[in-house]
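Take a look at the structure below. Keep it in view while you read this short report.

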Amino acid sequence: MALLTIAVVSLQLRASSVEREQAVRQQTQNFVQAMEAHVLNTIQFVDLSLQGYSNAIKMLPLEQSSSPHAMATLLSPRSSSFSRDFWLSFIDAKGQGVASSNKLSVAGTNYADRDYFQAHIKPAGSPGLFVGGPAIGKVSKERLFFLSRRVEDANGQLLGVIVAPLNVIYFGKVFEKSRFSPDVSISLVHSNGKVIARAPNFEESFNFDLSRTALFQNLAKGRHGTYQTVSSIDGQSRVFSFRVLDGLPLIVVVGSSDEESKRAFGNNVLFAGAGLLLLLLLMLVGGHFALRSYAKLEERELRYRLLYASSRDTEQKLSVSEQRLRLIADNLPVMIAYIDKDLRYQFTNRKFDTVFEIPYQSGPGRKVVDVVSPAIFKQAEQHLHDVLGGKFVYFERLVSGSAGERWDGVSYVPDVQPDGAVRGLFLMVEDITERKKNEESTKLAALMYQNSAEGMLVTDAEGRILSVNPAFSQISGYAEREVLGRRAYELTSGRQDLSFFTQVRQAIGRTGHWAGEIWHQHKNGEHYLVSLRFNTVFDEQGQVFRLVALFTDITKKKASEELIWKQANFDALTGLPNRRMFHEHLRLEMKKTDRSHLPMALVFIDLDHFKEINDTLGHDKGDMLLKQVAERLGQCVRGTDIVARLGGDEFTVILSELHNSSDVARIAQEILKKMAAPFSLNDDIAHISSSIGITLYPDDGDSAETLMKNADQAMYAAKQQGRNRYNYFAPFMQEATRVRMALGNEMREAVEREELRIVFQPIIELASGRICKAEALVRWQHPQRGLMSPHEFIAIAEHTGAIVGIGDWVFRQAAREAKRLQQMALPEFQICVNKSAWQFRDDGSNYQEWLDFLAELDLQAHNIIIEVTEDLLLDPASAIADKFKAFRAANMQVSLDDFGTGYCSVAFLKRYDIDYIKIDPSFVSNLAEGTDGITLCGAIIAMAHKLGIQVIAEGIETPQQMQALQSVGCDFGQGYLFSKPISGLELEKSIKNQYAPVDKSLDIHRTTCE
């Protein structure tokens, strides 16, 4: 018997040890599932933030997504909601940090080498949500791991990456609190093998590599499992369970030591040995007491009979008590039931029967699964097993029934016998739908209060602050504890006086609300403007209970609006009113003149030679000059006058309420004087002048548009008269303008109507007297005005763009004449064709068509000389240089007209490889003996010859001029001394008669401008 007992005890000990080990495994498996759910919830919560802000950034204009200020403003609410557990940062498409929600200075930091950025560079390879490995933050220097998402624009182009760095200390704290015994370990591991967080040994384990441990050997077998090994971090032997998070490169590992099972087994062996000895002793003593027990059996039977009689009386009393309990239970507003361990109802009250739609008192004996719906039973099944295991259970569930949805609060209380066995459970179910609605409303209100971007504060009826939200602290700089109990108006800046706040309080008292703008003072002393709204909360008696204030910092918004207004109304370079603001001022001043009956003058100023400054010194120096012009104009006018810049080199001045008409002339003369003074542009000195047009209101017009036209026409007249002067508007100027417009319209059809004529002025080789070249000149045979010379219509043609068609026509006519002369056995004869700068611009003539036309005529390109002015060489446009190169490549020569009257330098002569320069007639006319003209012409000719350039002198009208030019080595001459402009037939006849005397009857005093 003893041996049998020993064997049974040994088997029991062995079974206990195995069960303990299985329990440890089951425990770690359950624990790892719980930790997995917690980590997954955290990741999902952070990813929702990433997705939300990714979509928000997509909606921003492109310039704002790269602006640190705009991005910081967008991300700023995050820091107030999530403290240091995680934050959001935006990285642009080049890997440069832009802004962060926790005010870290990430702007300019390069993150292009980080895995969470590299993963999103290619759209096809973008993983959606990317989880990076653990690392030390570049700016925060904290232990982190990273979630990131790609941010694209509407076309799928990469705008950047939104990143959420998670502080691993958060997981370390959670894991530490979740350890129910010292031997338990909890770890979060990245799929690259690096430990993200672990408890215990948090500090030592961060970024520890587990890729060569038993964990990854078991990962090769499945996504979850259990194994036993010695930890490579702390050297303890544990049973480990692991789970890989679905769709994420993260592994949760929970370990529990089996030392407790070994200790328990040893203790069980000790207790079992002691028990066996005690059993043998009891067997000896038991025999002795067995005999004595029999004598007492009869006495016990008698007692049982007495107990039976007593129990019947008790049963009757219990029945009455049960009826009373049933009455109470049936009238309670909650569902009550009792369920036995076989999951059958033993008691249900009336409320239970009504809710589950079963006949009254028909519940007892029924199985739970037969009474409730399958969905409810599925929710409750695990809880039922838990309570039958001895646990108290409370849970809440959402139920759908015939009356709609409701929330139940369910309480399970185990019915525990004295020996510890559970024989059933008490059930109480309460309808908590209204409570859940209230809780949801409260949570929503709290969520809005805590996460609102608007500052919120709640005061009592006297205005003392009771509560503030995080946005309030972020805007004002004050923590909640620093403002509680203070009056709200104490936070203002003092810019508004006490009477202002009295009016605010009175308005709130009358209407219950107030809205407006108030200047507040930040904790650091800075003032900021807020848009504030007060609302009153009344109690049940209609008395003021609370005041709720909502406010937003609009300082930057106001500054932006002011900046936008300034940019829209003022010139960014000079700070003067722009065209829009000028027209507004002009209309206001006209109304003021109507009221005061004092005249007003509009002065229109255009700078002379400003284009040359830009072309020679550069646009930076041109901008400097414009700034100085604005300053000088301000010095010339009165304090009440308005100076504006319309654009380019055009300025206006409004002289209002003129008591003395002579003030206008005085101010105009002062402006001319100031503009003619040298301008110092750092190392350069610039000289300009100005042309001024003046019109008076109301004498010259009754509308702003009319005054502008009048002033412009007066300014144009000043330009025509030689610049550096002012002109008052006169009615005849309107007629001149009308004539120019009419000529411009007629000129567009002049080529089609064959009204243009071409003449040629011979160019003589001074050494031989032979005609070797000719200049093609255009005339317009106008139907009403007769034959018009170029100075009457060329400027208008350039202004209207008709010069392109006219220039092409002249080129073709000149080429045809050159071909005819070539057929006269003059293969080297050349014709010069004047080309306007307009024809060299991008929208001008097609020079390739010129070359194609020469090829069509079988005419060599060197028979045509393109004649341009110095202004064209100063134009920085690349298209002009390209066309010059094309002419040179085609062997066409280039002549520079009016040399010496502009700003052309020797460098330009070499850059454009000029073949000829033409000395301006103003130099030739100054060749009288004893003057400096011969010296100047000689210097020009010597310089040109040194550069390999031949010289043509224009405007030769006397033999003395010709002889002077011959003496300094001039190559060619042109002028009325030799011939006036003649037709092609006359040119051909003159060439045939090379040695015929010059016609002395010609009027040699006419100039070549005809």
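What follows is a tour of selected regions of a predicted model.

## A sheet of five antiparallel strands

Start with the sheet that holds strand 7. This open sheet has five strands, in the order 8-7-11-10-9. Their pairing is antiparallel. Strand 8 (195-199) and strand 9 (224-230) stand at the edges. Each has a single partner strand, so one side of each is left without a neighbour in the sheet. On average, neighbouring strands here are turned by 20 degrees against each other, direction ignored.

Now zoom in on one edge. Strand 9 runs antiparallel to strand 10 (residues 237-244), and seven bridges join the two. At one position, Val 230 stands opposite Ser 237 in strand 10. A helix also belongs in this picture. Helix 6 (residues 168-178) lies across strand 7 and strand 8. Helix 6 runs at about 30 degrees to strand 8.

## His 190

Is His 190 buried or exposed? His 190 sits in strand 7 (residues 185-190). Its relative accessible area is 7%, so His 190 is buried; the cut-off for buried is under 20%.

Which residues does His 190 touch, leaving out those up to four places away in sequence? Among them are Val 131, Gly 132, Gly 133 and Pro 134. The list also includes Ile 196 and Phe 216. Pro 249, Leu 250 and Ile 251 are in contact with His 190 as well.

## Cavities

How many cavities of 30 Å³ or more are there? The count comes to two. The largest cavity has a volume of about 150 Å³.

This largest cavity is lined by 17 residues. Trp 87, Ser 89, Tyr 111, Phe 146 and Pro 165 lie nearest its centre. Several strands help to form the lining. Strand 1 (89-92), strand 5 (143-152) and strand 6 (158-167) each supply at least two residues.

## Arg 344 and its surroundings

Arg 344 is found in a loop. The loop lies between strand 12 (335-340) and strand 13 (345-348). With a relative accessibility of 32%, Arg 344 counts as partly exposed.

Its contacts come from two stretches of sequence. Leaving aside neighbours within four places, Arg 344 is in contact with Tyr 338 and Ile 339, and also with Gly 365, Arg 366 and Lys 367. Compare Arg 344 with Val 371. They are 27 residues apart in sequence, and their C-alpha atoms are 9.7 Å apart in space.

## Strands 12, 15 and 16

Strand 16 (residues 422-431) pairs with strand 12 in the antiparallel sense, over six bridges. Asp 340 stands opposite Gly 424 in strand 16.

Strand 16 also pairs with strand 15 (residues 404-416). This pairing is antiparallel too, over nine bridges. Here Val 410 stands opposite Val 429 in strand 16. Strand 15 and strand 16 form a hairpin, with five residues between them. Gly 420 lies in the turn and has a positive phi of about 95 degrees.

## A mixed sheet and its helix

Strands of a sheet pair through backbone hydrogen bonds, either parallel or antiparallel. In another open sheet of the model, the pairing is mixed. It has five strands, in the order 23-24-22-27-28. Strand 23 (642-647) and strand 28 (725-728) stand at the edges. Each has a single partner strand, so one side of each has no neighbour in the sheet. The twist averages 20 degrees from one strand to the next.

Strand 22 (residues 600-608) and strand 24 (residues 650-655) pair in the antiparallel sense, over six bridges. The bridge partner of Leu 602 is Ile 654, in strand 24. Helix 21 (residues 662-676) packs on this sheet. Helix 21 touches strand 22, strand 24, strand 27 (689-697) and strand 28. Its direction makes about 165 degrees with that of strand 27.

## Cysteines

How many disulfides does a search of the whole structure find? The search finds zero. Take Cys 970 as an example. The closest cysteine sulfur is in Cys 937, and it is 8.0 Å from the sulfur of Cys 970. That is too far for a bond, because a disulfide needs the two sulfur atoms within 2.5 Å.

Cys 970 is buried, at 7% relative accessibility. Cys 636 is buried too, with a relative accessible area of 5%.

Definitions and conventions. Residues numbered from 1 in each chain as written. Predicted model: local features only at pLDDT ≥ 70, side-chain atom pairs only at ≥ 80, totals over all residues. Heavy atoms only, no water. Buried < 20%, exposed > 50% of the residue type's maximum accessible area, 1.4 Å probe, protein only. Helix = DSSP H or I, 4+ residues; strand = E, 2+ residues; numbered from the N terminus. Contact = heavy atoms within 4.5 Å. Pairing = 2+ DSSP bridges. Axes fitted to C-alpha atoms, helices over the stretch in contact; angles between N-to-C directions. 1 Å grid on protein atoms, 1.4 Å probe; cavity = no way out; pocket = protein on both sides within 12 Å on 5 of 7 lines; lining within 4 Å. Points joined across faces, edges and corners; volume = space filled by probe spheres on them.
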